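Student: Please take a close look at a single part of this model. I should like a strand and its partners described first, and then the other elements, with each criterion stated.

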Amino acid sequence: MARGISGTIPSVMERDKTQVLQLDDLRAAMLPESAYLIVINGKAIGKMFKLVGDEMVIGRSPDAHVFLEDDGVSRRHARIERTEEGALRLVDLQSTNGTWFEGRRITDRILQDGDKIQIGSSTILKFSYQDELEERFQQQLYESATRDGLTRLYNKRFFLDRLAQEFAYALRHGEPLSLVLFDIDHFKRINDGLGHPVGDAVLQELAARVSAALRTEDVFCRFGGEEFAIIMRESTAEQAFLAAERVRRVVADAPFPYEGGALPVTISLGLATLHGGNFADANALVSEADRRLYEAKNGGRNRVGAAARLTA
């Protein structure tokens, strides 16, 4: 005779619970957890930093392990160090705007899973232990928020945030900053005449070609539709013009393959450069690059519009 829940034969509920617990144990054994800081408020929401090593610096300096592009964060804002017991301690490095936990400015703290730490005036980081599956999921969320689905380039949201940060950095340090805007000439004819699948293939091929022609430090974004933007840190007008010409040629010099055929594609580009505070803000820089782009279109297309005609 079958026994009930109080008997010696486990119920279906108990067997299922046992199976779940066994799966959890197996998953934990197969996927060891690592420590991360996740941006939950600030310029790069969703970005994850894996904490490895015995000492890691948090700050605005490009060589910081946890690099935060936020004017409210000091260049070397705080440090995470591993104790002899294996715990992670957060130490403020006498930052300008402070390191905060639960509304209190702190000098140091042993980090606990789930801690939310404010760095500077607005950036908030969550300390968390996660396995590889959770890391991949979190990374996919960040990618979907900042990447264009078709070309995998950075999207307009990312571009606007990054340009504002780079503009502020260039002004503060007296460095040049160049911006190139470009779009595909007569792209509507491609979509209308050959169909949107061909248009999508052109966008993907263009993204691949241009990406290969840029420096690793250049930021290449799909601004919208057939419009693209390139942010060039520490690039003078002359350097950026040469780079823009290289981009123009890598598109125009070889037809784009499609359905066994070859499709000629050209682009028109506009260039603007910040130097010596000649633009009031990032929007003014964008407006100037956009104006130069339309000069290039009105001048015959397949060319770079710039303040001065330079030799490529």
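Tutor: Strand 12 (residues 177–184) and strand 17 are joined by eight bridges and run antiparallel. Strands here are DSSP runs of E with at least two residues, helices are runs of H or I with at least four, and both are numbered from the N terminus. Two strands count as paired if DSSP finds at least two bridges between them. The model is a predicted one, in which local features need pLDDT of at least 70 and side-chain atom pairs count only at pLDDT 80 or more, whereas totals for chains, interfaces and linings use all residues. Residues are numbered from 1 along each chain as its sequence is written, and side-chain values use heavy atoms, with hydrogens and water left out.

Within the pairing of strands 12 and 17, L177 lies opposite L274 of strand 17. Strand 17 also pairs with strand 18 (residues 304–305), here in the parallel sense and over two bridges; L269 faces V304 of strand 18. As a general matter, strands of a sheet pair through backbone hydrogen bonds, either parallel or antiparallel.

The burial of strand 17 deserves attention. A residue is called buried at under 20% relative accessible area, exposed at over 50% and partly exposed in between, using a 1.4 Å probe and protein chains only. Eight of the eight residues of strand 17 (residues 267–274) are buried, so the strand is largely enclosed by the rest of the structure. I267, L269, L271 and T273 point one way, S268, G270, A272 and L274 point the other way, and all are buried. For the protein as a whole, 42% of the 312 residues count as buried.

Other strands form open sheets. One has six strands in the order 2-1-11-10-7-8, with antiparallel pairing. Its edges are strand 2 (48–50) and strand 8 (104–106), each of which pairs on one side only. Inside this sheet, strand 7 (residues 99–101) runs antiparallel to strand 10 (residues 116–119), with three bridges between them, and F101 has I117 of strand 10 as its bridge partner.

A further open sheet has five strands in the order 4-3-5-6-9, and its pairing is mixed. Strand 4 (66–67) and strand 9 (108–110) are at the edges with a single partner strand each, so one side of each has no neighbour in the sheet. Strand 3 (residues 55–59) and strand 5 (residues 78–82) run antiparallel, joined by four bridges, and M56 is opposite I80 of strand 5.

Turning to the helices, helix 3 (residues 156–173) packs against helix 7 (residues 282–298) at an angle of about 110°, with the axes 9 Å apart. This makes helix 3 roughly perpendicular to helix 7, a class that covers 65 to 115 degrees, while under 35 counts as roughly parallel, over 145 as roughly antiparallel and the rest as oblique. The axes are lines fitted to C-alpha atoms over the stretch in contact, and angles run from 0 to 180 degrees between N-to-C directions. F159, L163, A164 and F167 of helix 3 meet A282, L285 and V286 of helix 7, where contact means heavy atoms within 4.5 Å.

Among the buried residues of helix 5 are V198, V202, L206 and R209. In total, the protein has seven helices and 18 strands.
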